[in-house]
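Here is a walk through the model on your screen, taken one piece at a time. Keep the viewer open as you read.

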There are 2 protein chains.
Amino acid sequence: MHQRSLLTSACLALLLPSAVSGQTDLAKVRAWREAHGAQIVQDYAAFLALPNVASDTEGIRRNAEYLRGELQKRGVDAEIWPLDDAPPIVFGEIITPNATRTLGVYVHYDGQPVDAAKWTHPPWEPTLLTRALEDGGTPRALPAPGEAIDPEWRIYARSAGDDKVPIATVLAALDALRASGIGLTSNLKLFFEGEEEAGSAHLREYMERYGDRLGVDGWLICDGPVHPSRRPQLVFGVRGFTQFTVTVYGAIRYLHSGHYGNWAPNPAMLLAQLLASMKDAQGNVLIDGFYDSDAPIGEAERAAIAALPDYDGALRQELELAETEGGNAPLAERLLLPSLNVRGMESAAVGAAARNVIPTEATATFDIRLVKGNDPEAMLDLVDAHIRKQGYFIVREVPDRETRLAHPRIARVVRAPGYEAARTDMSDPFSQQVIAAARHAVGEELVLMPALGGSLPLYLFTDLLAKPAVIVPVANHDDNQHAPDENLRIANLWDGIDLMASIFTMP
Amino acid sequence: MHQRSLLTSACLALLLPSAVSGQTDLAKVRAWREAHGAQIVQDYAAFLALPNVASDTEGIRRNAEYLRGELQKRGVDAEIWPLDDAPPIVFGEIITPNATRTLGVYVHYDGQPVDAAKWTHPPWEPTLLTRALEDGGTPRALPAPGEAIDPEWRIYARSAGDDKVPIATVLAALDALRASGIGLTSNLKLFFEGEEEAGSAHLREYMERYGDRLGVDGWLICDGPVHPSRRPQLVFGVRGFTQFTVTVYGAIRYLHSGHYGNWAPNPAMLLAQLLASMKDAQGNVLIDGFYDSDAPIGEAERAAIAALPDYDGALRQELELAETEGGNAPLAERLLLPSLNVRGMESAAVGAAARNVIPTEATATFDIRLVKGNDPEAMLDLVDAHIRKQGYFIVREVPDRETRLAHPRIARVVRAPGYEAARTDMSDPFSQQVIAAARHAVGEELVLMPALGGSLPLYLFTDLLAKPAVIVPVANHDDNQHAPDENLRIANLWDGIDLMASIFTMP
């Protein structure tokens, strides 16, 4: 079916009619990308050259203005949304006549802070290498127009993988479609955040304030890496997140382990016993009710897990683990369960600083990853109930003398804020449309992942805005995100352009 | 029975006959001490003014020469025993015609290192205070001859309590007895060590090299404080000591707790489970055989424990403990058992440095206090067997890739050197003689303690030299030993002189 597309009412002429029925043929898009590869890489390098740490107000402003300019250059109606002193949202809107739907596209343009001394090349001087650094890659000039581009080249810079690359693919896909005379099938709302790496502290407020501009039928959340096997993937959920810290107490001062050992309670041992009561030898959580609120897993999700590449064995080799929890249970299945993880543990000292004392206190800090159905506070209530069941009196502040003398077992339990999990049903029509479009672009290599183990505030899209959301990663898995020498493999940039072009033109 | 005593053949005339039968009347000793108190305190201050850290060769030499001089001044045959670069032993010998026995007297003249900035008065400028510092004591001049001395005065200096004071009491007791015309009943062998606080590294070698000079019937080990109730005490044993450190392993790098939580083993949790398997909720050790080699406790020891002042309740109040192990079992009973104490524990980080990771390893360091009958290495073998029983493969070095991939549970167990406990039977005739003499000096206040919870290499006396050994403490329990503002309460000096005089003249 022929279709006319618009970017905005002001740029009707920019987009020509598409000539495909059902799903656009991507051959033209690829041909255009091959002809213009040097320009795409150069434009991307210019974007990466802009420092983008959320706390760097001036750097963030330059990124936001650059993005608004790039959108306007393409005829997109683009705005910068301010909010107090928060990094702004860059918002772009493309109206498509007779659109099948309105598609929201989320990307973040800020990046993690850098320790520049640890980078091989400066983090904001994008450097093209002939391979990955660890494979002996050496710097080379950016490609000249017409020059052949090796897809194994990598561009090194902060945010090369996390998370500027989806923006580069969106811009290149729009250019390729326009130049190829292929029309969009959806209205697009481009929503680029500037403080994701600083914790998205204002994301909810932005959504509440600008909610009337954010009406979409479904979201593409463009962040994160593709599957470690290098296969492209779509992800339909994330785990939520909460934290708590437990401190248990012994005597008010360090005691000589000889004069008091066997008599004064040892808080390190008490803490060990408390922790041991929380999980069995296979890593299953023993806290009453911990798994009771998990939402059921659908058939589509079960089928997707069964079809996942078996990467666990390779991962165990890489991490030098003879065995993983649940008797080598598949990682993807384990990630559908809430987890209880000891992040750190401390009592007195080990190593050279160790002394023959009975410690005064012992602390363990935990994070809980939540699955759909788990309420963060309710899960922490279960933890409290478990600790009480072990005989502990729970306090929130450091206990005073009276409290200490009244209770043989005292646990100070301090909660940190958290947020719930999010999951989009894989059998939802929007999910099915995105899956079909992605498969059209990348073929049967496509990996469908019901949920990431990690956490993002995806619930703001699926629950606050109440729309399906599919995570569409672009970057290579070995992109050193959050670390020195972050990089993007050019092949992933190419694949991302195909993916965006296909999704933007899905029936 | 009248008796003539000698210090050496060269000083026959110095000691006059004693006039008591059975046990010397101490009235004369006390009268002499009251008349000469100022001199005793001044002499002690002069001794305390000599810096005495074991590593300070010049300071140690000055102490040793001072002591030899003080002994020679009293007609004692005194020598300095060298051994390579080790702090020397100061040895003095007093031959008593028709002696009932030969008595060894062990004291150490070295002291703990100091952090002078933390001292109220300089550690080697002995300062007399009118009370304890924490009770508002203020400095005053050393007493002039004839001036009344308040027994609650305290002298502040390094080693005031640990462990120069027994030497002061020995010297003053010898002076008092001689001046009072009271003869000794034993030969004396005075054995003053100069590196106890540095670990007594050469004590065994000294004993082996000079063993033919150390023939005694029993030892007085003069070290440590009196009972916390301020009552004088005799102690008949110490716990031995050993250490080990356990590290368990997860993946070779920190893992994102979201992406891998519930799948990759968490070493902090593994360590907690391992520790929890070692003790029950009442603090009893669950390691097979841990209590099997304990030597039986005699009737005299059981009776002594039953007669101990009940200080546990006060101690719980002081330490702000609602309950102690074994359901408030008496401290003195618990100290007759070997103990397993977690000295410190660590995995990744808590507090501000905590991150959402699965740690790579977790470490706990332990000390074991041993009772009579426990072999240090055999006890560590039991620990190893227990760890293996929990499914661990034990290594001594950091495991390599091959080892990690071969064993799901790996524990690196590293041992530190230890030594056995020592106990002298309270019903041994030597013990009974010392008890009677001490009771004669201090009355029914005397506390008899079968064993200290702490550790000293007492086994060198009881097992290597194979003689009974009774610990005779002099210092106040609140003397800040090993800490800044170490001090001696004058009343303890006076009690110590009585005690020494009584023991030196026991029938």
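Before we get to the sheets, a word on pairing: two strands pair if DSSP finds at least two bridges between them. Helices (H or I, at least four residues) and strands (E, at least two) are themselves DSSP runs, numbered from the N terminus. This is a predicted model, so local features need pLDDT of at least 70 and side-chain atom pairs count only at pLDDT 80 or more, while totals for chains, interfaces and linings use all residues. As for bookkeeping, residues are numbered from 1 along each chain as its sequence is written, chains are lettered from A and ligands numbered from 1 in the order in which they are written, and side-chain values use heavy atoms, with hydrogens and water left out.

Start with a small sheet in chain B. Strand β4 (residues 127-129) of chain B is joined to β5(B) by two bridges, and the two run antiparallel. One of the spots to click on is B:Leu129, whose bridge partner in β5(B) is B:Pro139. Zoom out a little and you get an open sheet of four strands in chain B, ordered β5-β4-β6-β21, with antiparallel pairing. Its edge strands are β5 (139-140) and β21 (487-489) of chain B, each of which pairs on one side only.

Now for how the chains sit together. Superposing chain B on chain A takes a rotation of 180 degrees with 0.1 Å of shift along its axis, giving an RMSD of 0.1 Å (a least-squares fit on the C-alpha atoms of residues with pLDDT of at least 70 in both copies). The two copies are thus related as by a two-fold rotation axis. They also meet through the same surface, because 100% of the interface residues of chain B are interface residues in chain A too.

What does that surface hold? The contact, meaning heavy atoms within 4.5 Å, draws 80 residues from chain B and 81 residues from chain A. Between them the chains bury about 6900 Å², 57% of it on carbon and sulfur atoms; buried area here is the accessible area (1.4 Å probe) that two parts lose on being put together, summed over both.

There is plenty of polar detail to look through as well. The rule finds 46 residue pairs in polar contact across the interface of chain B and chain A, both residues at pLDDT 80 or more. That rule asks for a pair of N or O atoms within 3.5 Å; within protein, one must be able to donate a hydrogen and the other to accept it, and residues adjacent in sequence count only if both atoms are side-chain atoms. On the side of chain B that touches chain A, strand β13 (residues 339-348) of chain B gives the most, with 10 residues. In chain A, strand β13 (residues 339-348) is joined to β13(B) by five bridges, running antiparallel, and A:Met345 stands opposite B:Ser347 there.

Salt bridges (a side-chain nitrogen of Lys or Arg within 4 Å of a carboxyl oxygen of Asp or Glu) number six between chain B and chain A. Among them, A:Glu318 meets B:Arg253 at 2.6 Å, N to O. B:Glu320 and A:Arg404 form a salt bridge at 3.9 Å, N to O. That pair joins two chains, because B:Glu320 lies in the loop between α9 (312-319) and α10 (325-328) of chain B and A:Arg404 in helix α13 (residues 401-406) of chain A.
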